[in-house]
Amino acid sequence: MQYRPLGRTGLEVSSICLGTMTFGQQNTEAEGHAQLDYALDHGINFIDTAELYSIPPKPETQGSTERVIGTWFKARGNRDKVILATKVCGLSEMTWFRDDGSPARPTRGQIREAVDKSLKRLQTDYIDLYQLHWPGRPVPQFGSNPTRWKTVAGEDTPIAETLDAFGELVKEGKVRHVGLSNESAWGTMKFLAEAEHTGGPRVASVQNAYNLLNRTYDTAMAEVSLREKVSLLAYSPLGQGYLTGKYQNGVLPPGARTTLFQRAFRYQVPGAEAAIEDYLAIAREAGLDPSQMAIAFCLSRDFVTSVIIGATSMEQLVTDIAAADITLSPEVLERIDAVHQLRGNPCP
């Protein structure tokens with residue numbers, strides 16, 4: 001396992017991060033604990049969750065993933081071995097997060113309520129990386145690093161207010177560092193400028209989708225990451241499982257996320273299946289597991305700090321973590337780029 005700098009924080013995080021959004025819905029507490037044990041035993045020191053999780057979001061399961069991690073911390077007594085990341089909701093009309101039933105907004109009051117609830121569920125007194133899950137302004141979702149802009153109605157929570165609220169939590173010791181998620185180059189630079197202007201906490205990272213079917217991060221955000229030392233935490237490296245090939249030709253495997261929830265519209269668009277087939281062919285001809293090739297590709301980018309994986313079975317987890325030991329040959333990388341030149345980003 002490699003360890004890479006998290007922004008300018010001084011922390012070193014594993015190049016594979018364990019995503020946990022299946023805990024509490026697709027995975028039981030016991031299964032979640034088993035995944036966490038295996039990940040820690042194999043060099044992963046970085047765990048990501050959110051107040052929103054598990055997925056799909058529902059009032060009755062909200063916070064369940066954080067609770068599973070919290071019981072694991074309590075049972076194992078190993079909080080000090082983990083760099084823990086969680087998230088607070090951005091602009092949303094979902095109303096079940098706050099005690100007064102207000103729609104979610106990253107305002108000072110809501111952020112304070114959210115972090116206190118997360119700390120309680122996680123059974124810890126600090127969060128290493130506290131992230132804004134998506135912007136507090138109306139933007140095209142999901143995510144908000146689009147290839148084509150469209151105007152979206154809604155109200156803004158000022159970036160200054162969100163950053164000031166984060167700053168208070170850092171001063172109180174509840175949060176060590178802050179980050180963004182599903183953010184654009186404009187939004188990231190505004191947060192950085194606000195921190196420089198006010199002395200507020202500097203964002204350490206941005207968690208955006210990045211995979212063979214969606215390399216929009218290459219266009220503007222990669223330069224921000226490299227020049228400003230804002231780490232990319234790449235989520236969905238397998239394109240919600242589509243890059244494994246399990247959904248090809250319309251197959252819906254029992255128990256798979258798309259089969260259960262039909263929430264993969266981002267990967268069910270014209271051009272996606274042909275692009276996936278091209279990438280699967282590269283893996284076959286190179287003798288590579290397609291999941292491991294997809295993850296290893298993300299790890300090969302110099303602007304990627306950590307790749308967030310998620311699994312519903314131990315078999316998947318073992319395969320995905322092993323991708324950290326794979327280095328793709330120049331020939332495979334050239335073939336991947338050739339397909340990208342032909343197919344583009346079908347699933348931004």
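These exercises, with worked solutions, walk through a predicted model of one protein chain.

**Exercise 1. The whole chain**

Find out how many helices and strands the chain has, and decide whether the chain is as compact as a globular protein of that length.

Solution.
- Start with the elements. The chain holds 11 helices and 10 strands.
- Next, take the radius of gyration, which is 19 Å.
- Set that beside the globule rule. For 348 residues the rule gives 20 Å.
- The two values are close, so the chain is as compact as a globular protein of that length.
- Add the outline. The C-alpha trace spans about 55 × 45 × 35 Å along its principal axes.

**Exercise 2. Inside and outside**

State what share of the residues is buried, and describe the accessible surface and the charges.

Solution.
- Count the inside. Of the 348 residues, 56% are buried.
- Turn to the outside. The accessible surface is about 14400 Å², and carbon and sulfur atoms own 52% of that area.
- Look at contacts between residues with a separation of 6 or more. Pairs 24 or more positions apart make up 75% of them.
- Finish with charge. There are 35 positive and 41 negative side chains. The centres of the two sets lie 2 Å apart.

**Exercise 3. Checking helix H8**

Test the length of helix H8 against 1.5 Å a residue, then say which helices its buried residues pack against.

Solution.
- H8 covers residues 272-286, which is 15 residues.
- The expected span is 21 Å. The end C-alpha atoms are 21 Å apart, so expectation and model agree.
- List the buried residues: Ala272, Ala275, Ile276, Tyr279, Leu280, Ala281, Ile282 and Ala283.
- Recall the helix rule. An α-helix has 3.6 residues a turn, so residues three or four places apart point the same way.
- Now find the partners. The buried residues of H8 pack against helix H9 (290-299) and helix H11 (330-343).
- Check what follows the helix. Gly287 comes just after H8 and has a positive phi of about 70 degrees.

**Exercise 4. Ser64 and the loop before H2**

Place Ser64, decide whether Ser64 is buried or exposed, and find the cis peptide bonds in the loop between E4 and H2.

Solution.
- Ser64 sits in helix H2 (residues 64-76).
- Its relative accessibility is 11%. The cut-off for buried is under 20%, so Ser64 counts as buried.
- Leave out residues up to four places away in sequence. Ser64 then touches Phe23, Gly24, Tyr53 and Ser54.
- Follow Ser54 back to its loop, between strand E4 (46-48) and H2. The Tyr53 to Ser54 peptide bond is cis, with omega near 15 degrees.
- Pro56 lies in the loop between E4 and H2 too. A cis bond joins Ile55 and Pro56, with omega about 0 degrees.

**Exercise 5. Thr162**

Describe the surroundings of Thr162.

Solution.
- Thr162 is in helix H4 (residues 159-172).
- Thr162 is buried, at 2% relative accessible area.
- Set aside neighbours within four places in sequence. Its contacts are Pro106, Ile111, Leu132, Thr157 and Phe191.
- Compare sequence with space. Pro135 is 27 residues from Thr162 in sequence and 9.9 Å away, C-alpha to C-alpha.

**Exercise 6. Positive phi without glycine**

Examine phi and burial for Asn182 and Ser236.

Solution.
- Asn182 is in the loop between strand E7 (175-181) and helix H5 (185-198). Its phi is near 55 degrees.
- Asn182 is buried, at 2% relative accessibility.
- Ser236 is in the loop between strand E9 (231-235) and helix H7 (257-261). Its phi is near 60 degrees.
- Ser236 is buried, at 14%.

How values were computed: Residues numbered from 1 in each chain as written. Predicted model: local features only at pLDDT ≥ 70, side-chain atom pairs only at ≥ 80, totals over all residues. Heavy atoms only, no water. Helix = DSSP H or I, 4+ residues; strand = E, 2+ residues; numbered from the N terminus. Rg over C-alpha atoms; globule rule 2.2 N^0.38 Å. Buried < 20%, exposed > 50% of the residue type's maximum accessible area, 1.4 Å probe, protein only. Contact = heavy atoms within 4.5 Å. Areas by Shrake-Rupley, 256 points an atom, 1.4 Å probe, with all protein chains shown as cover. Lys, Arg positive; Asp, Glu negative; His and termini not counted. Charge placed at Lys NZ, Arg CZ, Asp CG, Glu CD. Expected span 1.5 Å × (residues − 1).
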